[in-house]
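Hi,

Here is the structure I promised to pass on. Have a look at it first, and then read my notes underneath.

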Amino acid sequence: SMLQSFERARLTLRVALRNLINSAAAQERLSNELAVARAIQESILATNFPVLPGMDVCARIDMAREVCGDLYDCFVMDLAATEGGGAAPQQRLCCVVGDVSGKGVPAAMLMSGAISLARAALLEGLEPAAVLVRVNEALVRSIRAGMFVTMLVAVIDPLTGNVVWAAAGHPPPMRARVSPAGGDGGVHIDDWPGELALGIKSGRSYSSFSFVLEPGEALLLYTDGATEAVRAPGRGKRRNAEEENFYGEDRLARSLLQRLDTPDARSLLEGIRMDLFAHMAGAAPHDDVTLMVIRRW
């Protein structure tokens, strides 16, 4: 009958409303948990960066979601003063950039653990390649199958500009150099053998590389979210194939080189970000974008 139909409809609506209320409450709890996770991540990531005599650094992550799987760390380590007293301790600028596989809270938790492991190893005085070995062995024992971390570790002597670095599954650093004749110079990227990311296989070793960052040069560390940033589809008109490509390593290198006259690391980094987001033309990032710039004056 019509009354029975109305009663069934009423009960169905009542159940649907209850489910909606429960779903909204669950969504609110999830949003609150993600907000807490994001706050924890932001407290881990440095926002005040070291300024050393003749050198400064700046880093930033643009998150694709509420929480991120990219990581960076940057701090000054004081080495023991020379024997005999009186001499000031030597300093090293320690820089770490990385990218965790996957998204969401599991990646965020792994990100915070990887930062802590790398910082502890650096503070013990380990060289970058040895830091990667230490972090790899810890992750192999502790993370679930299918997850891994790419990471680049660099230790820089601010007095000499000597840079020692090692990478696990991570893009090598870009070094922008001014031409002696005052021209544009060029961007140099060390040959890197593409060594395995962290957390996949035990017993790995990693290669060590070094070079001198000369006065006037800049160093860029980044995650692949930068080079793989994609332009939004054209609205109402056809864009050419070049415009629709990834931002790419070549454009990132040009953007770095063109901004060597900026007054500090922060303004250089922000200039690269603006160029990258101009390329994206309003598209939401598919992946976290991390940039770290080190300048030597």
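Below is what I found, going from the overall picture down to a few single residues.

A word on the ground rules first: this is a predicted model, so local features need pLDDT of at least 70 and side-chain atom pairs count only at pLDDT 80 or more, while totals for chains, interfaces and linings use all residues. Residues are numbered from 1 along each chain as its sequence is written, and side-chain values use heavy atoms, with hydrogens and water left out.

**Overall**

The protein has seven helices and eleven strands; these are DSSP runs numbered from the N terminus, with helices being H or I of at least four residues and strands E of at least two. Of its 297 residues, 44% count as buried (buried is under 20% relative accessible area, exposed over 50%, partly exposed in between, with a 1.4 Å probe and protein chains only). The accessible surface comes to about 15,300 Å², and carbon and sulfur atoms hold 54% of that (Shrake-Rupley method, 1.4 Å probe; for residues, only the protein chains shown count as cover). As for contacts (heavy atoms within 4.5 Å), take those between residues at least 6 apart in sequence: 72% of them join residues at least 24 apart.

**Pocket and cavity**

Both come from a 1 Å grid over the protein atoms alone: a cavity is a set of points where a 1.4 Å probe fits but cannot get out, a pocket is an open set with protein on both sides within 12 Å along at least five of seven lines, and lining residues have an atom within 4 Å of a point. Grid points are joined across faces, edges and corners, and a volume is the space filled by probe spheres set on the points.

The largest pocket holds about 240 Å³ of space. Helix α1 (2-44), strand β2 (55-62) and helix α7 (265-280) are the elements that give two or more residues to its lining, and β2 gives the largest share, five residues. There are 15 lining residues, and Thr47, Ala59, Arg60, Ile61 and Tyr72 lie nearest the centre. By class, the pocket lining is eight nonpolar, one polar and six charged (nonpolar: Ala, Val, Leu, Ile, Met, Phe, Trp, Tyr, Cys and Pro; charged: Asp, Glu, Lys and Arg; polar: the others, Gly among them).

There is one cavity of 30 Å³ or more, with about 60 Å³ of space. Its lining includes Ala64, Arg65, Cys68, Gly69, Asp287 and Asp288. Sorted by class, the cavity lining has three nonpolar, three polar and four charged residues.

**Two aspartates**

Asp288, one of the cavity-lining residues, sits in the loop between α7 and β11 (289-296),. Asp288 is buried at 4% relative accessibility. Leaving out residues up to four places away in sequence, Asp288 touches ten residues by name: Ile61, Asp62, Met63, Ala64, Arg65, Cys68, Gly69, Asp70, Thr223 and Gly225. Thr223 is 65 residues away from Asp288 in sequence, yet their C-alpha atoms are 8.0 Å apart.

Asp99 belongs to strand β4 (residues 91-100) and is buried too, with a relative accessible area of 12%. With the same sequence neighbours left out, the contacts of Asp99 include Gly69, Asp70, His170, Thr223 and Asp287.

**Cysteines**

How many disulfides are there? With a disulfide taken as a pair of cysteine sulfur atoms within 2.5 Å, the count is zero. Cys58 has its nearest cysteine sulfur, that of Cys74, 9.2 Å away, and Cys58 is buried at 1% relative accessible area. The sulfur of Cys95 lies 4.0 Å from that of Cys74, which is too far for a bond. Cys95 is buried as well, at 0%.

**Helix α6 and a loop pair**

In helix α6 (residues 248-258), the buried residues are Gly248, Leu252, Ala253, Ser255, Leu256 and Leu257. They pack against β7 (174-177), β8 (186-188), β10 (218-222), α4 (224-227) and α7.

Arg231, in the loop between α4 and α5 (241-244), is buried at 15%. Arg231 is 50 residues from Ala281 in sequence, but 5.7 Å from it C-alpha to C-alpha. Ala281 is in the loop between α7 and β11 and is partly exposed, at 25%. Check its backbone as well: phi of Ala281 is near 50 degrees, a positive value in a residue other than glycine.

Cheers
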